[in-house]
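Colleague: I am new to this one and would like to learn how to read it. Could you take me through it feature by feature?

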Amino acid sequence: MASTFGNKIKISIFGQSHSTAIGMSLDNIPAGMILDEEKLKAFMERRAPGRSLTSTQRKEGDEPEFLSGFMEDDAGRLVTCGAPISAIIRNEDAKSEDYDELKDMPRPGHADFTAHIKYGGFEDYRSGGHLSGRLTAPLCVAGGIAIQVLEQLGITVSAEIDEIGGKKIGSWDEAEALIEEAKTDGDSIGGIVRCIVKGMHAGIGGPIFDGVENRISQVVFGIPAVKGIEFGAGFQASAMKGSENNDPYTVDDSGNVITETNNAGGILGGISTGGDIVFRVAFKPTPSIAKEQQSISYTDGEIANITVKGRHDPCIVPRAVPVVEAAAALAILDLIL
């Protein structure tokens, strides 16, 4: 099970949606970094469930309990000590009985069936087990730490909702209305998150298999429900002419070489150009919906209908925004180090 990432930094994600706890270990973070606990708490709050009517009503504190990797300084602040950072998050509001039916019947659109085949029927079927979006919480712990390290290097990572259900979003009220409409209909809706990394200098990354796009994509596709990613002009570039897609070079007031446009998304040949790294991530609609769906019975080998129980997001996109930031930060920090 490939639940680890990193060349320089090493991150490992562990736990299941309904296990006692979930968590992460993060190795090779430089010693001497002061952790802003309030900033990390605020970051985790953006992903946490049960915070709005448009998200799952499973209520989890999502407060990381650090087991190693930090020492307190004279002011009582947590400072990295060079040891691997490890943290757990307790699962406090799991209702495993809601998933009893999944022992024999996979949910359409989920990884229930593929996990059942791969792990020979020994998989944790409760809300997806290790394949659940619940595991993005420890990813955000690691990513939140990476974001703070990058900020000390002058690099910022930010993301926002770009589209919901194929519609460009100009305000949260607009997004909320579309999500509520799908929820009222017993359905779900997908969308797109746009992410920007600012402050990257040129020359980071490499060609072929170690490019900036490769590394970011690898972590981003570790987020359940991600179905696509594009950098810069992305798929639109296929409809452009070279004269339209090429980014003309110029020099800024400080004598730095920059481009007048950024269709490349800040990356050429897998290597950073020094411009903003810009990418968009497509999320599918939440597979768990209130509508009755067709499935099969493992026991009988026959078609059967299933109505998914439990508490689920009608749209995961709002809570996915900080997860995309976390993924990007981990990839960029690994490349820089």
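Colleague: Let me begin with strand E17: why is E17 described as largely enclosed by the rest of the structure?

Modeller: Keep in mind that this is a predicted model. The idea is to look at how many residues of a strand are buried, and a residue counts as buried under 20% relative accessible area. In E17, five of the seven residues are buried, so the rest of the structure largely encloses this strand.

Colleague: Which strands form the sheet that E17 belongs to, and in what order?

Modeller: To read a sheet, follow the strands from one edge to the other. Here five strands form an open sheet, E10-E9-E11-E17-E12, with antiparallel pairing. Strand E10 (167–168) and strand E12 (226–231) are at the edges with a single partner strand each, so one side of each has no neighbour in the sheet.

Colleague: How many bridges pair E17 with E11, and how many join E17 to E12?

Modeller: Strand E11 (residues 191–198) pairs with strand E17 (residues 277–283) over seven bridges, in the antiparallel sense. You can follow the pairing residue by residue: Val193 is opposite Val281, while Ile192 has Ala282 as its bridge partner. On the E12 side, five bridges make the antiparallel connection to E17, and there Phe231 is partnered by Phe279. When you look along such strands, remember that in a regular strand the side chains alternate between the two faces of the sheet.

Colleague: Which helices pack against these strands?

Modeller: For a helix on a sheet, ask which strands the helix touches and how the directions compare. Helix H5 (residues 212–220) lies across E12 and E17, at about 160 degrees to E12. Helix H7 (residues 317–336) also packs on the sheet, in contact with strand E9 (156–164), E11 and E17, and its direction makes about 145 degrees with that of E9.

Colleague: What is the strand order in the sheet that contains E1?

Modeller: That open sheet has five strands in the order E1-E2-E3-E8-E5, paired antiparallel. Its edges are strand E1 (4–5) and strand E5 (65–68), each pairing on one side only. E1 is joined to strand E2 (residues 10–15) by two bridges, and Thr4 finds its bridge partner in Ser12. Helix H3 (residues 136–152) lies across E2, strand E3 (21–27), E5 and strand E8 (85–90), at about 30 degrees to E3.

Colleague: Now the backbone. What stands out about the phi of Ile208?

Modeller: Most residues other than glycine have a negative phi. Ile208, however, has a positive phi of about 60 degrees. Ile208 sits in the loop between E11 and H5 and is exposed, at 66% relative accessible area. Ala225 also has a positive phi, near 85 degrees, and lies in the loop between H5 and E12.

Colleague: Let us turn to charges. Which residues are linked with Asp162 in a network of salt bridges?

Modeller: A good habit is to check whether a charged pair stands alone or shares its members with others. Here Asp162, Glu163, Lys168, Glu230 and Arg280 are linked in a network. Asp162 is in strand E9 and counts as buried at 9% relative accessibility. Its contacts beyond four places in sequence include Lys168, Ile192, Val193 and Arg280.

Colleague: Which parts of the chain does the pair of Arg46 and Glu325 link?

Modeller: For any pair, compare position in sequence with position in space. The side chains of Arg46 and Glu325 meet in a salt bridge, 3.0 Å from N to O. Arg46 is in helix H1 (residues 37–47) and Glu325 in helix H7, 279 residues apart. Arg46 is partly exposed at 37%, whereas Glu325 is buried at 4% relative accessible area. Arg47 forms a salt bridge with Asp62, with the closest N and O atoms 2.8 Å apart. Arg47 lies in H1 and Asp62 in the loop between H1 and E5, so this pair ties together parts 15 residues apart in sequence.

Colleague: And are Arg47 and Asp62 buried or exposed?

Modeller: Both Arg47 and Asp62 are buried.

How values were computed. Residues numbered from 1 in each chain as written. Predicted model: local features only at pLDDT ≥ 70, side-chain atom pairs only at ≥ 80, totals over all residues. Heavy atoms only, no water. Pairing = 2+ DSSP bridges. Helix = DSSP H or I, 4+ residues; strand = E, 2+ residues; numbered from the N terminus. Contact = heavy atoms within 4.5 Å. Axes fitted to C-alpha atoms, helices over the stretch in contact; angles between N-to-C directions. Buried < 20%, exposed > 50% of the residue type's maximum accessible area, 1.4 Å probe, protein only. Salt bridge = Lys/Arg side-chain N within 4 Å of Asp/Glu carboxyl O.
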